[in-house]
Structure formats: structure tokens, C-alpha cells
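Biologist: I'm new to this one and would like to go through it slowly with you. Could you bring it up so that we can start talking?

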Amino acid sequence: MTGTGQLIRLILRRDRVLLPLWVVPLALIPALYVSSFEALFPTDAERIGYARVSAGNAGFVALYGPLHGTGLGELVAWRGGFIPVLVALFSVLTVIRHTRTDEEAGRTELIGAAAVSRHAGLFAALIVAFGANAVLALIQAPVMISQGLPVTGSVLMALEFALAGCMFAAVAAVCAQLAGGARSARSLALVALGIAYVLRLAGDVSDIGDGATGWLSWLSPIGWVQHMFPYGADVWWPIVPAVGLSALLVGAAVFLAAHRDVGAGVLPDRPGPAVAAPGLRSPLALAWRLHRGMLIGWVTGFALLGLVFGAVAQSVADLVNDSPELADVFARLGGASGAVDSYLAGVTGILGLIAAAYAVQALLRVRDEEGAGSAELVLTTGVSRLRWLASHLVFAFLGPVLALVVSGAVAGVVHGLASGDVGGQVAAMLGGVLAQVPAVWVLAAVAVGLFGLLPRLAPVAWGAVAACLLVLLVGAALQLSQWVLDLSPFTHIPHLPGGHATATPFVVLTLVAAVVGAAGLAGFRRRDVPTT
């Protein structure tokens, strides 16, 4: 443990902005659901009717998890069912950033030359990740209690979120030892998280049917914590396997770290061919080789999101049609049709933000290439700076468009088959997702501008995505000033399908993206390469 304390302070210093950006919002969002449910369902009858219909709705169960109970607290815990996945995601990124990424950049070896133990970096990253999840729980529990909800349920819900983060922080620690690089480690950990979510989804959906595959949810760590049922049954025993799995994985990570070389992974790297393929003779072909795995993974993920969101769309219509008690509640949305359009408009906004995250990740791959020295090698040939950068921008700007089109088409087909209007629903969803493209391009252009003008601050582009996400999730609930809401390009996108659209916001956002992107290109032409 020698040097662990100093490394913890170093991590906290480096992440003094990033950690609060995900810990505080994820801790506070469930409290907003309390006021939202109270406003939407002012009477007990309306709330109970909504809970009873939602508990047997396969689409809602797939998205949020199982619902057992009709109380306000149970509805809030159920509605926050996707938040443990987000907590797990940020925990994974935190651990990988301070283990494998530092090792890949050479910082681990440099620090290891001092009086620092071999495992100090791993322990420091895990302690910070576990501590962040503990702080999240310590913030969330009192806030939920202040909303008038029971103390026991509030504590249990906070533990649900924190345990999900801790388990996947430990998963990330193992993946950091297995993989040969930070990108591979992140991919392994995210695949594990995706599998856990799919197992939870399959098991819980089966439970509201014949229950034949309900046992699948018990193979998922996400399923364990969601079956704690805060404010209802208040089941405590899933804490035991969650803590046990975290301890087991931490032990495995320590063991693996002791049996591998610094800079290498337990899983051997696959050697490439001795001679490059003829197809790699252009910058665009090289960019395709570098981006194809990321592109395929994101497009596949968007297809799955379209499948889930499309299935839930019909569930919204069924919810309105099957519950006379909720007719007045949804009348303000235009009945079943208006409620579905409102839901789909919200879905397209979420898909747009996720696509923006993909755009930023694809653009930051350029920064990785520069930092690794690969860009300098390419630029010593007859390839110009702008041609090299443009080959990567093709994927950063057009890749999200492809992903959005795939998700919109899948969601439209699934919802169209259920509603009997495939052509109309596909057209509506494609219009909704394509409307998000100018806003996505604005955030991509911000990443280009930072890369070209202030390369050391290029990762700040993630902060822009996070700020837009917060505006989308809590802006209206917190009654933020309109000028604050307008800082997000997604605020200016018309609500489609179902809303009225004009050309002005699309043209203005596209022009903003063009100007900011052009500034980044001009800066890249004039600055040093590489800039560290």
C-alpha cells in the first residue's frame, strides 16, 4: 500500500471537476421523480392505476426493471431503475482512466520509479471509485428522506446505486489487467455491463409472463440490486452477493496485476500482418481501419436501443388505452396518440445526446493518435494535415448519423408492427432522429475546436455532452432560466414526431457547427504536432 495515499490525492486533484459532475446529479435525480409523480398523479387512485398497469407492461419492465407495489416511493425507485447502469458506467470509466490509461501513457511507470508499491495505483483508483459511490449514497439518502419518503427505503435505494457502481468498478479493475490497452479494457468492461443489463431485462420481462427464464435476472449484478425493492419489500440480502462479488473481483485484479508486465495485458495482443494491406494506402482507409470497430459497436447498440424504445412506445399507448383511471392524466397529451408522440420525441432527444457522445469519442480518437505519435508518422509522408484530420471527421460527423438512422428505423418498424402502421411510424421516427443531427454536429464541432485550438483541453468536450444531458434530464424540473436551457443545442430542436418544425433552428445550428469546426481546422493547421 506504499504511496496509495499520495496517489489518491493525485486522482482527486485530477478529477476534482469530473467526479462531482457525475456523482451529484445522479444522486439528486431520483428526488426530482418525487415531485414529478406527485404532479402527474395528484390522487392515490391515479397513482395506483398507473402502478398496476406499469407493473405488467413488458416495455416499461424492460426499460426500468420490475415494479412491486403502488406507493410513491416504490414508483420513484422503479423509475430510477436505469440510474444504477449509469453509475456503473461512470465507475468503469473512472477506474480505467486511472489504471490502464495512465499505464498506456507512461505515467504508471514513471511513478513506479519512486517509492510506490506495485499495486498502489490500482488500490488508489478503486478507493476513489468506491469512495465516489459512497458519497453518492450519502448525498442521495438524506435528500430522499427530505422528500418525505421512509428512511429505510431511502437508505436501501442509495445502497442500490452505490453497490452497482462498486461492482462494476471492480469489473473494470479486472478488465484493466486483462486487456493490452485502455481502449480494449473499456470495451471489455462495457460489454460486461451490457450483458448484465440484457440478462436483467430478459429475466424481468419473463417474470411478468410465464416466468420460464426469470432466473436470468439473478445472473446479473444489476438484477441483484434492483431486486432490493426500496420502499416496498426492503430486501437487504442482495447486499451480501454484491459485496462478495466486489471483493472477489478486487482480489482477482490484484492477483492478475502481480502476474503481468507493466504495459502488457494478461490476454496477449494479436500481432498484425508483416505487410500492410493494399487498401491502407489512403488516410481514409486507415481511418476506417481505426474506427470500424467503434462504428460497428455503436451502430449495434443504437439498433438495440431502437428495439427497446420501439417496444416501449406501444406500451405507452396500451397504458393509456387499458387504464380508464389515467384517461384524464394523459388527456393533456392528446390521449394515446399524443402520449406516444410525446414519448417518442423524448426518446429522439436521448438518442441525439448518445449520438453526440459517439461523435466526441470518435473525434478524441484523433487526439489519441496524436499523443501516441502515429499522426506525426503519417504527416511525414505526402499527407496534409487537413486531409488526415478530415479522414477522421468523416466518422465523427457521419457515424452518428448512421447510428441515428438505424435506431430510428428499428424503433419505427417495431412500433409500426405493433400499431399496424409500419410506413408511417418509420417515417416519423426517421424524421425525429434526423432532426437531432445539427445539434449532434454542434457538439462534435466543439470537440474539433478544442482539438485544433486548445488540444490539451480536448477531453473537456465530454463536459459539453454532460451539460446538455443535465439540461435534458433536470432543466425543466429545476426551473432553470431560459438562457441556461438555450446553452444546449438540443433545446432548439423541434419536438418530433408530433411537433411543428421550421427550418430556422436547423440552419442556425448547422452554421454554428460549421464556424466552430472551421476554427478548429484553422487552429490545427498552425499549431505544433504533437502538442502534449
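Modeller: Before we start, a word on how I will use some terms: buried means under 20% relative accessible area, exposed means over 50%, and partly exposed covers what lies in between. Please also keep in mind that this is a predicted model.

Biologist: Okay, let's try that out on Ile-111: what is its relative accessible area, and how does it count?

Modeller: Ile-111 has a relative accessible area of 30%, so it counts as partly exposed. This residue sits in helix α8, which covers residues 107–112.

Biologist: And what does Ile-111 touch, apart from its neighbours within four places in sequence?

Modeller: With those neighbours left aside, Ile-111 is in contact with Leu-7, Leu-10 and Val-116. As for Val-61, it is 50 residues from Ile-111 in sequence, and their C-alpha atoms are 47 Å apart in space.

Biologist: Let's switch to charges. How many salt bridges does the structure hold?

Modeller: The structure holds nine salt bridges. One of them pairs Asp-15 with Arg-97, where the closest N and O atoms are 3.0 Å apart. That pair links distant parts of the chain, since Asp-15 lies in the loop between α1 (4–14) and α2 (18–40) while Arg-97 lies in helix α6 (residues 83–97), 82 residues apart.

Biologist: Are those two partners buried or partly exposed?

Modeller: They fall into separate classes: Asp-15 has a relative accessible area of 2%, so it is buried, whereas Arg-97, at 28% relative accessibility, counts as partly exposed.

Biologist: Which salt bridge has both partners within helix α11?

Modeller: That would be Arg-200 with Asp-204, whose closest N and O atoms are 3.2 Å apart. The two residues are separated by about one helical turn, because they are four residues apart in helix α11, residues 182–207. Both Arg-200 and Asp-204 are buried.

Biologist: What links Arg-100, Glu-103 and Arg-260?

Modeller: Those three residues are linked in a network of salt bridges.

Biologist: Now Glu-370, please. Where is it found, and which side chain does it meet in a salt bridge?

Modeller: Glu-370 is found in helix α16, which runs over residues 335–371, and its side chain meets that of Arg-367 in a salt bridge with an N to O distance of 3.1 Å. Both residues lie in that helix, three residues apart, which is about one turn of the helix.

Biologist: How do Glu-370 and Arg-367 count, buried or exposed?

Modeller: Glu-370 counts as buried at 2% relative accessibility, and Arg-367 is buried as well, with a relative accessible area of 16%.

Biologist: What else does Glu-370 touch, if we don't count residues up to four places away in sequence?

Modeller: On that basis Glu-370 touches Ala-375, Phe-451, Arg-527, Asp-528, Val-529, Pro-530 and Thr-531. Two residues in that list, Val-529 and Pro-530, are joined by a cis peptide bond, with omega at about 0°. Pro-530 itself is placed in the segment after α23 (503–526).

Biologist: While we're on the backbone, which residues other than glycine have a positive phi?

Modeller: I can name Phe-229, with a positive phi of about 50° although it is not a glycine, and Tyr-231, whose phi is near 70°. Phe-229 lies in the loop between α12 (221–226) and α13 (239–257), and Tyr-231 is found in the loop between α12 and α13 too. Phe-229 is buried, with a relative accessible area of 17%, and Tyr-231 counts as buried at 11% relative accessibility.

Biologist: Changing topic again: how many disulfides does a search of the whole structure find?

Modeller: The search finds zero disulfides. Take Cys-166: its sulfur is 16 Å from the closest cysteine sulfur, in Cys-175, and therefore too far for a bond. Cys-166 is buried, with a relative accessible area of 14%, and Cys-468 counts as buried at 6% relative accessibility.

Biologist: Last one, then: which residues form a nonpolar patch on the surface?

Modeller: Ile-145, Val-151, Val-155 and Trp-236 form that patch, and together they have about 310 Å² of accessible area. Val-155 is found in helix α10, residues 151–178, and Val-155 has a relative accessible area of 31%, so it is partly exposed.

Key. Residues are numbered from 1 along each chain as its sequence is written. This is a predicted model: local features need pLDDT of at least 70, side-chain atom pairs count only at pLDDT 80 or more; totals for chains, interfaces and linings use all residues. Side-chain values use heavy atoms; hydrogens and water are left out. Contact means heavy atoms within 4.5 Å. Patches are made of residues with over 30% relative accessible area and no salt bridge: like charges are joined within 9 Å, nonpolar side chains (Val, Leu, Ile, Met, Phe, Trp, Tyr) within 5 Å. Accessible areas come from the Shrake-Rupley method with a 1.4 Å probe; for residues, only the protein chains shown count as cover. A salt bridge is a side-chain nitrogen of Lys or Arg within 4 Å of a carboxyl oxygen of Asp or Glu. Buried means under 20% relative accessible area, exposed over 50%, partly exposed in between (1.4 Å probe, protein chains only). A disulfide is a pair of cysteine sulfur atoms within 2.5 Å.
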